[in-house]
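Hi,

Here is the structure I said I would pass on. Have a look at it first, and then read on for what turned up.

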Amino acid sequence: MSTRIAFLKGHGTENDFVIVPDPENALELSPAAVAALCDRRAGIGGDGVLHVVRSAAHPETRDMADEAEWFMDYRNGDGSVAEMCGNGVRVFARYLQHAGHVAEGDLTIATRAGVKTVHIAKDGDITVGMGRARLPEGDVTVTVGERSWPARNVNMGNPHAVAFVADLAHAGDLYTAPPVSPAAAYPDGVNVEFVVDRGPRHVAMRVHERGSGETRSCGTGACAVAVATARRDGTDPAVTGTPATYTVDVPGGRLVITERPDGEIEMTGPAVIVAEGEIDAEWLAHAFG
């Protein structure tokens, strides 16, 4: 391992990430190392790590290399592996543009939830094709303290429980995962969104992200919220034949989510690179598990 490891820091609606370019997949980022990088006091700080690898160089995505040159090997802030991160894809695309690997326009990015299509607009916003939502059957309940709410089970390549509440403060501090029942509905844990109405096709949310705690934004969560809200409002595009667009306010900004009649979902929002530098490899080595 070299004595210095390049990194960047970026965010999408304040969902922030440590970006580690590693085209040939030469770094062994253990869960402990990822958690150390994301530590906001002893490390760089972030909700997760975007490990930038060529698809052909990673065993999980070699079969995607013909469709997407780059793989977003995403890790949660606690070091656990995640299937997908919507804000992370936008920041990942911004990094590829920043590094000169891609230009404005269309590109594809491999993720554990499949290949995602991305468009980098001239105005700076980035749109990600998030695929289709799955809506597993069965009732789900979210509880915080003495309050409980029915929730919508939405899968965006990763699992979500969406609860509509009267006040976002009812979500509590979100330091720990709100209890969701039945537990069997989410054997690998779940992201939990709390949602209030702000106006016609306009909602606001807070989220507890599995493995990260409360974050300032969650892209897949915003998509799950838009899908759940459309079903609640009777604007399911598959039924109406008309795209449904919702504005979703998150603590870190605003995302615009559109679901088309064919079920495909697009998310549009900003992505920013804020810093770059080098990590001391010896320091990071002490965190290897």
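The lining of the largest pocket is a mix by class: 6 nonpolar, 6 polar and 4 charged residues. This is a predicted model, by the way, so please read everything below as computed from that prediction. The space in this largest pocket comes to about 200 Å³. If you want to find its centre on screen, look for T117, V118, V128, G129 and E266, which are the closest to it among the 16 lining residues. Four strands give two or more residues each to that lining: β5 (105-111), β6 (114-120), β7 (126-132) and β17 (264-269). Of these, β7 has the largest share, with 5 residues.

Now for the second largest pocket. Its volume is about 160 Å³. The residues around it are L135, P136, G138, D139, V140, T141, P150, A151, R152 and N153. Sorted by class, they give 5 nonpolar, 3 polar and 2 charged. Both β8 (140-144) and β9 (147-155) supply at least two residues of this lining, and β9 gives the most, with 4 residues.

There is a closed space too. How many cavities of 30 Å³ or more are there? The count is 1. The largest cavity holds about 60 Å³ of space. Its lining is made up of Y74, N76, A82, M84, C85, N158, N191, E209, R210, C218 and T220, which split into 5 nonpolar, 4 polar and 2 charged residues.

T220 is a good residue to follow from there, as it is part of that cavity lining. You will find T220 in helix α3, which covers residues 219-233. Is T220 buried or exposed? With a relative accessible area of 1%, T220 is buried, because anything under 20% falls in that class. Its side chain makes a polar contact of 3.2 Å with the side chain of N158, and another polar contact, also listed at 3.2 Å, joins the side chains of T220 and H160. Setting aside neighbours within four places in sequence, T220 is in contact with M84, C85, G86, M130, M156, N158 and H160. Three of those names may look familiar: M84, C85 and N158 are also among the residues that line the largest cavity.

Next, I257. This residue sits in strand β16, residues 253-259, and counts as buried at 1% relative accessibility. Its contacts, again without the neighbours within four places in sequence, are A222, C223, A226, A244, T245, Y246, V248, I265, E266 and M267. You met E266 above, as one of the residues closest to the centre of the largest pocket. T268 is 11 residues from I257 in sequence, and the two C-alpha atoms are 6.6 Å apart in space.

The third residue to look up is T235, in the loop between α3 and α4 (237-240). T235 has a relative accessible area of 14%, so it counts as buried. Which side chain does the side chain of T235 make a polar contact with? That partner is Y246, at 2.9 Å. Beyond four places in sequence, or leaving nearer neighbours aside, T235 is in contact with R201, A230, T240, A244 and Y246. A244 and Y246 are in the contact list of I257 as well. For a sense of distance across the model, T235 and M130 are 105 residues apart in sequence and 19 Å apart from C-alpha to C-alpha.

Finally, the overall picture. The protein has 5 helices and 18 strands. Its radius of gyration is 18 Å, close to the 19 Å that the globule rule gives for 289 residues, so the protein is as compact as a globular protein of that length. Along the principal axes, the C-alpha trace spans about 55 × 40 × 30 Å. Of the 289 residues, 53% count as buried, and T220, I257 and T235 each fall in that class. As for contacts between residues at least 6 apart in sequence, 62% of them join residues at least 24 apart.

Best wishes

Note on methods:
Residues are numbered from 1 along each chain as its sequence is written. This is a predicted model: local features need pLDDT of at least 70, side-chain atom pairs count only at pLDDT 80 or more; totals for chains, interfaces and linings use all residues. Side-chain values use heavy atoms; hydrogens and water are left out. Buried means under 20% relative accessible area, exposed over 50%, partly exposed in between (1.4 Å probe, protein chains only). A polar contact is a pair of N or O atoms within 3.5 Å; within protein, one must be able to donate a hydrogen and the other to accept it, and residues adjacent in sequence count only if both atoms are side-chain atoms. Contact means heavy atoms within 4.5 Å. On a 1 Å grid over the protein atoms alone, a cavity is a set of points where a 1.4 Å probe fits but cannot get out, and a pocket is an open set with protein on both sides within 12 Å along at least five of seven lines; lining residues have an atom within 4 Å of a point. Grid points are joined across faces, edges and corners, and a volume is the space filled by probe spheres set on the points. Ala, Val, Leu, Ile, Met, Phe, Trp, Tyr, Cys and Pro count as nonpolar, Asp, Glu, Lys and Arg as charged, and the others, Gly among them, as polar. The radius of gyration is taken over C-alpha atoms; the globule rule is 2.2 Å times the number of residues to the power 0.38.
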